[in-house]
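Me: I would like to learn how the terms used for a protein structure are decided. Could we go through them one by one?

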Amino acid sequence: MKLYRLLTGIDDAAFCHKVSLALSKGWELAGSPAYAFDAAEQVMKCAQPVTKIVEGKDYDPSMKLGEQ
């Protein structure tokens, strides 16, 4: 099965670590990152789509994608 996640967060080191952790667990970048100003919180936010192929499992909406 192929899984999709959209990682999001404030533009800081924690976001970079979130993406790096996903990559270290076999997730792959899937397109360009997005970057936008959140006027309500007065911060820049990032989003990065990632995908991962998981063999031998069927998709179930109750699964925790980050644990795959």
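Reply: Happy to! Let's begin with charge: Lys and Arg count as positive and Asp and Glu as negative, while His and the chain ends are not counted. The place of a charge is taken as NZ of Lys, CZ of Arg, CG of Asp or CD of Glu. On that basis the chain has 8 positive and 9 negative charges, and their mean positions are 3 Å apart. One thing to keep in mind: this is a predicted model, where local features need pLDDT of at least 70, side-chain atom pairs count only at pLDDT 80 or more, and totals for chains, interfaces and linings use all residues. Residues are numbered from 1 along each chain as its sequence is written, and side-chain values use heavy atoms, with hydrogens and water left out.

Me: What makes up the secondary structure of the chain?

Reply: The chain has 1 helix and 4 strands. Helices (H or I, at least four residues) and strands (E, at least two) are DSSP runs, numbered from the N terminus. Read from that end, the order is β-α-β-β-β. The C-alpha trace spans about 45 × 20 × 20 Å along its principal axes.

Me: Why is Cys46 called buried or exposed?

Reply: The terms rest on relative accessible area: buried is under 20%, exposed is over 50%, and partly exposed is in between (1.4 Å probe, protein chains only). Cys46 has 11% relative accessibility, so Cys46 counts as buried. For Cys16 the value is 47%, and therefore Cys16 is partly exposed. Over the chain, buried residues make up 26% of the 68 residues.

Me: How do you know how many disulfides there are?

Reply: A disulfide is a pair of cysteine sulfur atoms within 2.5 Å. The sulfur of Cys16 has its closest cysteine sulfur in Cys46, at 7.0 Å, which is too far for a bond. Seen from Cys46, the closest cysteine sulfur is the one in Cys16, again 7.0 Å away and too far for a bond. The count by this rule is therefore 0 disulfides.

Me: What makes Leu23 buried, exposed or partly exposed?

Reply: Leu23 has a relative accessibility of 37%, so Leu23 counts as partly exposed. Leu23 is found in helix α1, residues 13-24. Contact means heavy atoms within 4.5 Å, and Leu23 is in contact with Glu28 and Leu29 when neighbours within four places in sequence are left aside. The C-alpha atoms of Leu23 and Val50 are separated by 8.4 Å, although these residues are 27 apart along the chain.

Me: And which term fits Ile53, buried or exposed?

Reply: Ile53 has a relative accessible area of 53%, so Ile53 is exposed. Ile53 is found in strand β4. Not counting residues up to four places away in sequence, Ile53 touches Met1 and Lys2. Between the C-alpha atoms of Ile53 and Gln68, 15 residues apart along the chain, the separation is 9.4 Å.

Me: Why is Gln42 called buried or exposed?

Reply: With a relative accessible area of 57%, Gln42 is exposed because the term covers values over 50%. Gln42 is found in the loop between β3 (34-38) and β4 (43-53). Phi of Gln42 is near 60°, a positive value in a residue other than glycine.

Me: Where does UniProt place "domain: DUF1737"?

Reply: The feature, from an unreviewed UniProt entry, is placed at residues 1-52. UniProt positions are given in the numbering used here, feature names are shortened, and annotations may be inferred rather than shown by experiment. Over residues 1-52 the chain is 23% helix and 50% strand, with the end C-alpha atoms 8 Å apart.
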